[in-house]
Amino acid sequence: RGLIVDAWINNSGPFTVALDTGAGVSIITSTVVQRAGLQVQRSKVPLRGGLSSTPIKSKQEAPINTLAIGFADNRLAATVTAAVVDTLPGSIDGILDPTQIFGSLPYSVDFQKREVRVLEAKYLSSAKTRNVDATVVRWVSENGGHRPFVRLADGRLALIDTGSAFGLAISEQRAGNGPNSRVTRDLGGGSVQVREVAAQTVAIGSLVLRNIPTELLINSAPGTPVILGRRALNPFRVTFDRSSNLIAIESTDDKN
């Protein structure tokens, strides 16, 4: 289920929402629209997403005038327009893209503490001069979007996906079923075959991640990127600074 928080939309709630850097868009259900009294309009760009061959789809969107997370009075300043779908799996009411809802402000995700913090503007560009003990790499954008990609030492781009329970997930169109296979559901309610393979080691800048649990996504949707999910990122605090186009990965082991 990932990072789950309470949210208040147009002073209604709480709603159960996931904070998901891999979504690239914020999504709410029609139930939220009704309870919060939102005005629905036709989407300028129809939504299509998900891992499987039955992707999540939406042709409608709703502007959110006020949004608070964690507490009813913890309001965010950014203006958010969310795609509208009938339902979402896992009994959640919505998915919020942190980069969208926090606007230009950097934010950090501590997977051990299950904690999200909003930071001061251009946090990482100033933190580098203070010799912060973290691996700081370039935030790479793909196809004009704002999802957080990093470049691995072998040249591949990998999406840092807080909504994914995978470790290192790699699409494979030709792999057949085999041992250690399972079926997992995506946001659209479709299914994708997943096969566990030997753990891999990857490097991001100076940081070497060893023995990462690795899965093949068999016959996933075209364009599915390499994914670094929570099983790979669990020992770390990851800071996302879109204003500086930087991402920092810091170990939280042996820290209070």
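Two residues are taken to be in contact when heavy atoms of each lie within 4.5 Å. In this predicted model, and leaving aside neighbours within four places in sequence, Leu 67 is by that criterion in contact with Ala 7, Trp 8, Ile 9, Asn 74, Arg 75, Leu 76, Val 80, Leu 96 and Ile 101. Three of these names recur when the interior of the chain is described, since Leu 67, Ile 9 and Ile 101 are listed, together with Ile 28, Val 238 and Ile 247, as the residues with the most contacts inside the largest nonpolar core, a set of 48 residues. The strand that gives the most to this core is strand 17, spanning residues 207-218, which supplies four residues. Apart from this core lies another, made up of seven residues, among them Ala 18, Ile 27, Leu 88 and Ile 95. In soluble globular proteins, nonpolar side chains tend to be buried together.

For the chain as a whole, 48% of the 256 residues count as buried, while the exposed surface comes to about 12500 Å², of which carbon and sulfur atoms supply 46%. Among contacts with a separation of 6 or more, 61% are accounted for by residues that are 24 or more positions apart.

The secondary structure consists of four helices and 20 strands. Five of the strands form an open sheet in the order 10-9-19-20-11, with antiparallel pairing. The edges of this sheet are strand 10 (115-118) and strand 11 (135-138), each of which pairs on one side only, and the twist from one strand to the next averages 15°. Within the sheet, strand 9 (residues 107-110) and strand 19 (residues 236-241) run antiparallel and are joined by four bridges; here Val 109 stands opposite Val 238, the latter being one of the residues with the most contacts inside the largest core.

Strand 17, already met as a contributor to the core, pairs with strand 14 and with strand 16. Its pairing with strand 14 (residues 168-172) is parallel and comprises five bridges, with Ile 170 placed opposite Leu 216 of strand 17. The pairing with strand 16 (residues 191-204), by contrast, is antiparallel and comprises nine bridges, and in it Gln 200 faces Ile 212 of strand 17. Strands 16 and 17 form a hairpin in which two residues lie between them, and Gly 205, located in the turn, has a positive phi of about 60°.

Conventions. Residues numbered from 1 in each chain as written. Predicted model: local features only at pLDDT ≥ 70, side-chain atom pairs only at ≥ 80, totals over all residues. Heavy atoms only, no water. Buried < 20%, exposed > 50% of the residue type's maximum accessible area, 1.4 Å probe, protein only. Areas by Shrake-Rupley, 256 points an atom, 1.4 Å probe, with all protein chains shown as cover. Core = buried A, V, L, I, M, F, W, Y, C linked by side-chain atoms within 4.5 Å. Pairing = 2+ DSSP bridges. Axes fitted to C-alpha atoms, helices over the stretch in contact; angles between N-to-C directions.
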